[in-house]
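Below are my comments on the model, set out as numbered points for you to check against the coordinates.

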Amino acid sequence: GQFDLNEAREVANVIREGALPLPLKTISVSFIGPSLGKQSIEMGVYSVVVGFILVNAFMLLYYRVAGIVAVIALFLNLVILSALLSLLEFTLTLPGFAGLILTVGMAVDANVIIFEKIREDLRAGKSMSVAVHSGFESSFWTILDANVTTLISAVILYYNGDGPIQGFALTLFFGLVSSMFTALFVSRYLFDLMIDGLGMRNVPIGTGIAEKLK
């Protein structure tokens, strides 16, 4: 530093006077090598794949043909999210994988809200096309409100956190944005394609757990 001799002596005296006469003892020694990073990446990828498969299996078993729409939207969500992160030259760390896994779980929330609304309208006697239109229209603001609060939290985490927390927040933010796009627009397009393009008057959407228990 920019010290003269007197200042250096003062610093040395402070260090000596503040030193505690305690012995140092080595308790444990650990070495972290590149294998830990490789293991973290492998476990992160494994978790994403397993979560993706389990969520897709549930949606297909529970919502039948409508579940296929959710599966396509979820897959496209991961593609869009990967493209955005690659465009930003983002390095995916372990917290980033956590955000990605959380995104996979939350990505189908919007589809669940929409599907349940469609199912409710079908039980009320509405046609499939009317139920789909009403389901997407009435669910739009609910989905938007539910995700905006999480987006705000992600922004706060990004600006107030350090490197790992910023990676988690960034992945979560773009994951939510892409999931809202795929749920509200891609899923709507797929339903319109089946009803108007393929002429399907009824898209199987499952009966629900409550109906099966009756």
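1. Read from the N terminus, the order of elements in this predicted model is α-α-α-α-α-α-α, which agrees with a count of seven helices and zero strands. The protein has 214 residues, and 33% of them count as buried. Among contacts with a separation of 6 or more, 75% are made by residues 24 or more positions apart. The accessible surface comes to about 13,600 Å², and carbon and sulfur atoms hold 67% of that area.

2. The aromatic residues deserve a careful look, since a search of the whole structure finds nine aromatic pairs. One of these is formed by F136 and F191, whose ring centres lie 5.9 Å apart and whose planes stand at 70°, so that the pair is classed as edge-to-face, the class for angles over 60 degrees. This pair links distant parts of the chain, with F136 in helix 5 and F191 in helix 6 (residues 163-197), the two being 55 residues apart. Both F136 and F191 are buried. A further edge-to-face pair is made by F173 and F174, with 5.5 Å from centre to centre and 90° between the planes. F173 is partly exposed, because its relative accessible area is 27%, a value that falls between the limits of 20% and 50%.

3. Which residues make up one aromatic cluster with F136 and F191? The cluster consists of F58, Y62, Y63, F115, F136 and F191, so the buried pair from the previous point can be inspected as part of this group.

4. The structure holds five salt bridges, and I would begin with the one in helix 4 (residues 109-123). There the side chains of K117 and D121 meet at 3.6 Å, taken from N to O, and because the two residues are four apart in that helix, about one helical turn separates them. The partners differ in their surroundings: K117 counts as partly exposed at 22% relative accessibility, whereas D121 counts as buried at 4%.

5. A second salt bridge joins the side chains of E137 and R188, with an N to O distance of 3.9 Å. Since E137 lies in helix 5 and R188 in helix 6, this pair ties together parts that are 51 residues apart in sequence. The distance of 3.9 Å can be set beside the 4 Å cut-off for a salt bridge, and a reader who applies another limit may wish to check this pair again. E137 is partly exposed, given its relative accessibility of 46%, while R188, at 19%, counts as buried, the limit for that class being under 20%.

6. R188 also meets the side chain of D192 in a salt bridge of 3.5 Å, N to O. D192 and R188 both lie in helix 6, where they are four residues apart, or about one turn of the helix. D192 is partly exposed, with a relative accessible area of 28%. Elsewhere, salt bridges with shared partners join K117, D121 and K126 into one network.

7. Where does R64 lie, and what is the value of its phi angle? R64 is placed in helix 2, and its phi is near 55°, which is a positive value in a residue other than glycine. With a relative accessible area of 42%, R64 is partly exposed. I would ask that the backbone at R64 be looked at with this angle in mind.

8. Helix 2 (residues 34-87) also contains V49, which counts as partly exposed because its relative accessibility is 43%. V49 belongs to a nonpolar patch on the surface, formed together with I41, V45 and I53, and the accessible area of these residues comes to about 340 Å² together.

9. Is N147 buried or exposed? At 12% relative accessibility it counts as buried, and its position is in helix 5 (residues 128-160). When the neighbours within four places in sequence are left aside, N147 is in contact with L176 and M180.

Conventions: Residues are numbered from 1 along each chain as its sequence is written. This is a predicted model: local features need pLDDT of at least 70, side-chain atom pairs count only at pLDDT 80 or more; totals for chains, interfaces and linings use all residues. Side-chain values use heavy atoms; hydrogens and water are left out. Patches are made of residues with over 30% relative accessible area and no salt bridge: like charges are joined within 9 Å, nonpolar side chains (Val, Leu, Ile, Met, Phe, Trp, Tyr) within 5 Å. Accessible areas come from the Shrake-Rupley method with a 1.4 Å probe; for residues, only the protein chains shown count as cover. Buried means under 20% relative accessible area, exposed over 50%, partly exposed in between (1.4 Å probe, protein chains only). Contact means heavy atoms within 4.5 Å. Rings of Phe, Tyr and Trp (its six-membered ring) pair if their centres lie within 6.5 Å; planes under 30 degrees apart count as stacked, over 60 as edge-to-face and the rest as tilted.
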